[in-house]
Amino acid sequence: MPDSLEAANMDVSAFVALLLIALLSLLLFATRTSGRDDGRRLPPSPPGLPLLGHLPLLGSLPHRNLQAMAAKHGPVMLLRLGRVPAVVASSAAAAQEVMKTHDLAFASRPRMRMAERLIYGRDMVFAPYGEHWRQARRVCVLHLLSQRRVQSLRRARELEAAAMVDRVRRGGVQAVNVTALIISYTNGIISRAAFGDGGSLYGGEELTKLFADFAGLLGTVTVGDFVPWLAWVDTLMGLDARAARTSAQMDALLERVIADHRRRRREDDDGHRDFVDVMLDVNDEAEGTGVMFDDVAIKAIVLDMFAAATDTTYTTLVWAMAELINHLHEMRRVQDEVRAAVVAGDGGRVTEDHLPKLRYLKCVIKETLRLRTPLPLLVPHETTEDTELLGYHVPARSRVIVNAWAIARDPAAWDRPDEFVPERFAGGDDLTAADYLLGQDFRFVPFGAGRRGCPGVGFAVPSMEAWSSRWRACCITLTGSCRPAARPSWRCMS
């Protein structure tokens, strides 16, 4: 009897083992999605894992890992990120098809839980393609980010740049944290642009911390986005609670801002128009027209502006400083250019009138954006219909990721792609803000391109140049590590 029972147990164990092997084989086969879909060729796909697909392969530096995978499997790959099919474009030709040739088919955005929690689901950047997105983009392009509006914010940029230089000078020979100064500078500009000169009344350092928390959460990829049945992990890690707390604080702040602006408009309209004023004007004009542009839409677009204008700008500036510190010849060339542009009659003060003369400075910023792309994978696209990408079939509602970091370092497109060489951008006749974007050269897409390209490039570039041009007043050398992630100390030698 015991022998027969043991044999039966062994038979059951063997059956269970075979069943598990068969199930895992089936799941593994399902994740290997290369081949054909209804007779149409899908992009190649590396081997994945059951259930999670290729999600564990991304690691903490997904742009680098995706570049390594693209080197083996080609510039267009199909991955399974949990339950989400994702196509990765890693070449200039693939980026051009996504953002120009088949732009309309790739024009939507996937649903992202953190963006919906923090930006009301009514913003422009993360909105799916449709009427709401068109109305929001029209307001941004025509009313908030037009060339005239950007020029009107010149005073804000110059005030914040001057305040930054004064803070460094007051420190004398004391070591200063330039990373903190840059963050303060970028936050100050967008606060003035969005809320007016009284932006500091809404929180000062507390406002800076609140928006830092907001930006950090917005850039967080949640497990529930890709594996819905594991969404409880986000709750366990405290992400949901942090998002709810930050969203409530942000909403209370913006409600106060809008109420203050409405009261000021009634009591004393001085004619000055910051972003909130302009959107309230649009709101007034939209009444009775059927266009939905209420307080929620205003708050969502203000948050878009902060998200887009702060983190990416200061990241680029910190990397530009670090690269110039590590390349003294290029740093001296920038300094000499600034000194030559600022003649004695200007009182030694750098203004935006000098920026057109600072051509090498513009090359430095462009090279920093290429080598240290602030948003390496851009904001993901989603296909609205079945389409093709470099001859491969891409089904509707697929997530599409453009690896701008890999494209900017593609040795087939760039000479010495991993080196800091600003001179590579010196050939153009007109290095204006428009030259930083938008479908001019798909080897260089730090701001995206096409319908979903960032409309704020004309706002971001003058802010970067206004900071960088202060070399005349503040010659910087580095003490300690030169890696921005290490939060280095900087010493002013003015």
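**Exercise 1. Getting your bearings**

What percentage of the 494 residues in the chain do buried residues make up? Work that out, then describe the chain's overall make-up.

*Solution.* Keep in mind that this is a predicted model.

- Step 1: buried residues account for 50% of the 494.
- Step 2: go through the secondary structure, and you get 19 helices and 11 strands.
- Step 3: turn to the contacts between residues at least 6 apart in sequence; 70% of them join residues at least 24 apart.
- Step 4: look at the outside. The chain exposes about 22900 Å², with carbon and sulfur atoms supplying 56% of that area.

**Exercise 2. Checking a helix and its cover**

Take helix 17 (residues 359-371) and test its end-to-end distance against the expected span. Then find out how many of its residues are buried.

*Solution.*

- Step 1: the helix has 13 residues, and at 1.5 Å a residue it should span 18 Å; the multiplier is one less than the number of residues.
- Step 2: its end C-alpha atoms sit 18 Å apart, which agrees with that expectation.
- Step 3: now the burial. 12 of the 13 residues are buried, so the helix is mostly covered.
- Step 4: put names to them. The buried stretch runs through Y360, L361, K362, C363, V364, I365, K366, E367, T368, L369, R370 and L371. Charged residues are on that list too, among them K362, K366, E367 and R370.
- Step 5: ask what does the covering. The cover includes helix 15 (311-326), helix 16 (328-341), helix 18 (404-408) and helix 19 (457-468).

**Exercise 3. Nonpolar inside, nonpolar outside**

Find the largest nonpolar core, then look for a nonpolar patch on the surface.

*Solution.*

- Step 1: the largest core has 93 residues, and L144, F195, F275, M279 and F459 have the most contacts inside it.
- Step 2: see which element gives the largest share. That is helix 8 (residues 178-195), with 10 residues.
- Step 3: there is also a second, separate core of 23 residues, including M99, F106, L378 and L389.
- Step 4: move to the surface. L49, L51, L52 and W229 form a nonpolar patch there, and together they have about 400 Å² of accessible area.
- Step 5: zoom in on W229, in the loop between helix 10 (223-226) and helix 11 (232-236). Its relative accessible area is 53%, and the cut-off for exposed is over 50%, so W229 counts as exposed.

**Exercise 4. Following the charges around D240**

Which residues are linked with D240 in a network of salt bridges? Trace the pairs and say how covered each partner is.

*Solution.*

- Step 1: a search of the whole structure finds 34 salt bridges. The background is simple: side chains of opposite charge can pair when their charged atoms come close.
- Step 2: D240 pairs with R113, the closest N and O atoms being 3.8 Å apart. D240 is in helix 12 (residues 239-267) and R113 in helix 4 (residues 113-118), so this pair links distant parts of the chain, 127 residues apart.
- Step 3: R117 also forms a salt bridge with D240, again with closest N and O atoms 3.8 Å apart. R117 lies in helix 4 as well, so this pair ties together parts 123 residues apart in sequence.
- Step 4: compare the cover. D240 has 14% relative accessibility and counts as buried; R113 is buried too. R117, at 37%, counts as partly exposed.
- Step 5: name the whole network: R113, R117, D234 and D240.

**Exercise 5. E323 and V76, two buried residues**

For each residue, give its place, its accessibility and what it touches.

*Solution.*

- Step 1: E323 is found in helix 15, and at 5% relative accessible area E323 is buried.
- Step 2: leave out residues up to four places away in sequence, and E323 touches L371, R372 and F420.
- Step 3: with R372, E323 forms a salt bridge whose closest N and O atoms are 2.9 Å apart. R372 sits in the loop between helix 17 and strand 6 (381-382), 49 residues from E323. At 24% relative accessibility, R372 counts as partly exposed.
- Step 4: V76 is in strand 3 (residues 76-81) and is buried, with 2% relative accessible area.
- Step 5: skip the neighbours within four places in sequence, and V76 contacts P43, P44, V87, V88, A94, L389, L390 and Y392.
- Step 6: check the distance to G391. The C-alpha atoms of V76 and G391 are separated by 9.7 Å, with their positions 315 residues apart along the chain.

Definitions and conventions. Residues numbered from 1 in each chain as written. Predicted model: local features only at pLDDT ≥ 70, side-chain atom pairs only at ≥ 80, totals over all residues. Heavy atoms only, no water. Helix = DSSP H or I, 4+ residues; strand = E, 2+ residues; numbered from the N terminus. Buried < 20%, exposed > 50% of the residue type's maximum accessible area, 1.4 Å probe, protein only. Contact = heavy atoms within 4.5 Å. Areas by Shrake-Rupley, 256 points an atom, 1.4 Å probe, with all protein chains shown as cover. Patch = residues over 30% accessible without salt bridge, like charges linked within 9 Å, V, L, I, M, F, W, Y side chains within 5 Å. Salt bridge = Lys/Arg side-chain N within 4 Å of Asp/Glu carboxyl O. Core = buried A, V, L, I, M, F, W, Y, C linked by side-chain atoms within 4.5 Å.
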